[in-house]
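Biologist: I'm new to this one and would rather see one spot properly than everything in passing. Could you pick a single part and take me through it closely?

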Amino acid sequence: MKLLLKIGLVLLGFNSIAQTALPIPDTLSGPNYVLNMHKDSVQFFSGNISHTYAFNQYKYLGPTLIFNKGTNVNITVNNQIGDTTTVHWHGIHLPSMMDGGPHTTILPNAIWTPSFTVMDNAATYWYHPHFMGKTAKQVIKGAAGLIIVRDPIEAALTLPRKYGVDDFPLIIQCQQYDSLNQSMPLGMQDSTILVNGARASHGFTVNANFPAQIVRMRLLNASGERTFNFGFTANKQFKIIASDGGLLDNPVTTSRIRLSPGERAEILIDLNGMNGQILHLMGYASELAMGIQGGPTMPMPVGSPPMDSPLNGIDFNIMQITVTPQTTNPVTTIPSSLTTNAPYLSSQANITRTIRFTADSLMVMDGPFYFNGNSFDMMRIDYEIPLGSTEIWKLVNETMVAHPFHIHDVQFFLIDRSGNIPPTEELGRKDVVLVPPFDSVMFITKFEDFADTITPFMYHCHILMHEDDGMMGQFVVKPLSVGVNELKNNNNSFSIYPNPTNSIVNIDAKEMTSVSIFNTLGEMVYTQNKISTNSLQINTSQWSKGLYTVQVNSNNQSIAKKIIVN
Ligand code: C2O
Ligand code: CU
Ligand code: CU
């Protein structure tokens, strides 16, 4: 009797000590957002604290930004991490100067103030640093957060959208920590799972209380390298309602969803009548193909780095879900149709570009990897794309590992996966697509709205160590010739004089809402938001001599010109 009681207590202790409630990041709403990116630390393990990066009041990750389609947002990013960084709005369609790519650096203690009009469809996006060579380090340390875009089409549907009540953000990460408890950007033996920054492995569990009704989960795989094959215990079915950049036409019923790094999905689970029950969000890695990071570990060539995480190729627990009583006004049914996507037509494509994923040899498993044999070069523009161009990009993976391909500026539609029509859940708007080893994918997209011959947009592998290692390219979107451009939109031009200048520069534009000026390092030297006049005079007398890029933004256009300061 005594013995049984003791065992019971020990088990109870073990179970209760390690369980954390799912943290829900606070939301920030517009039009003005302030993000203070800072150094912090978390006691993830016993012994040494882990050094982290975070935004605002958090010690790890950051608040969820709520954007409304059609509105302007003004963001102030304050860099207090003691290192140069950038902040990129992943999946958002905006001028390249506002995109936060590797050219738009924010120096330590500096402030960056992008502003833009939200043109995207309702979906789940995210933000994270993108500084060349340090993206993995900075993201893995915790500098990331979610963006939720809302729009009228989504708002008109009967869907769960009470944040933290029936609509849950889930930022899922898996990383490796060294013997001093510090995150390892290159760690391929990643086995520490974090859900919204809470530990969910090695004896820790995260519990979420979900009400007994239809519940929405916004899944983001924010890992450096691991692909997750999500599902629920007992093979409970669920509905996928949105991919990276918007709603699907109709909910897709399934029991698995595979998300590679950078990908998002919104899913609905039906918990009606399940009050009091417990289920688990799982990673079914045993079902992943070899060559996908997280799947069964391949037999490795001699000299390869250790990449045998104990989670590879097995099924594991990510989060416990305890079903609680229904809320008031619960959503209890799922709409049968959601929206009507209008994919671009292949017959309208102006060009097909082939991007081969390559490595120095077929045996390479840890990189470096390249696009068409080229490593990333900040000074090389890989493609000049005319504004308005409809393009098919054919991604051909000639390596033995899978790569999640991501492109900035646009959302795309898959038109082919391995020679076949892609699965229905991949037919919506996307900005990341996983290309398995020795396989191919084709997508179609259109480069609209934002031309800028100076600041490029990126495309890259979203395995962060591959990206940092050079598996990245860049393109500029070129304005059309002036005549055609003026026909299309007569608000898109500005004049700047005198040029060269010594002390004063004047900008005249038919319409301008903000102006930013950058030096050749991509550092912002001047910015002015909320402009309500048509002309601006700027004093350049304190600036160092050289070439500068002047970016003039109006509500839906962003045009750049160069000036010389003598
Ligand atoms: Cu999520 Cu170019 O990045
Ligand atoms: Cu991106
Ligand atoms: Cu890759």
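Modeller: Let's go for the copper ion (ligand 3), whose donor residues follow the spacing H-x57-C-x4-H in the sequence. Donors here are N, O and S atoms within 2.8 Å of the metal (3.2 Å for Na, K and Ca), and with water not among the atoms, sites may look incomplete. Before we zoom in: this is a predicted model, where local features need pLDDT of at least 70, side-chain atom pairs count only at pLDDT 80 or more, and totals for chains, interfaces and linings use all residues. Residues are numbered from 1 along each chain as its sequence is written, chains are lettered from A and ligands numbered from 1 in the order they are written, and side-chain values use heavy atoms, with hydrogens and water left out.

So who holds the copper ion? His403 does it through ND1, Cys461 through SG and His466 through ND1, at 2.0 to 2.1 Å. Both Cys461 and His466 are buried, meaning under 20% relative accessible area (exposed is over 50%, partly exposed in between, with a 1.4 Å probe and protein chains only). For Cys461 the relative accessibility is 1%.

Now follow that cysteine sulfur a little further. A disulfide is a covalent bond between the sulfur atoms of two cysteines; the test here is a pair of those sulfurs within 2.5 Å. Searching the whole structure turns up zero of them. Take Cys174: it is in no disulfide, and its nearest cysteine sulfur, 17 Å away, is that of Cys461, the residue that gives its SG to the copper ion. Cys174 is buried as well, at a relative accessible area of 3%.
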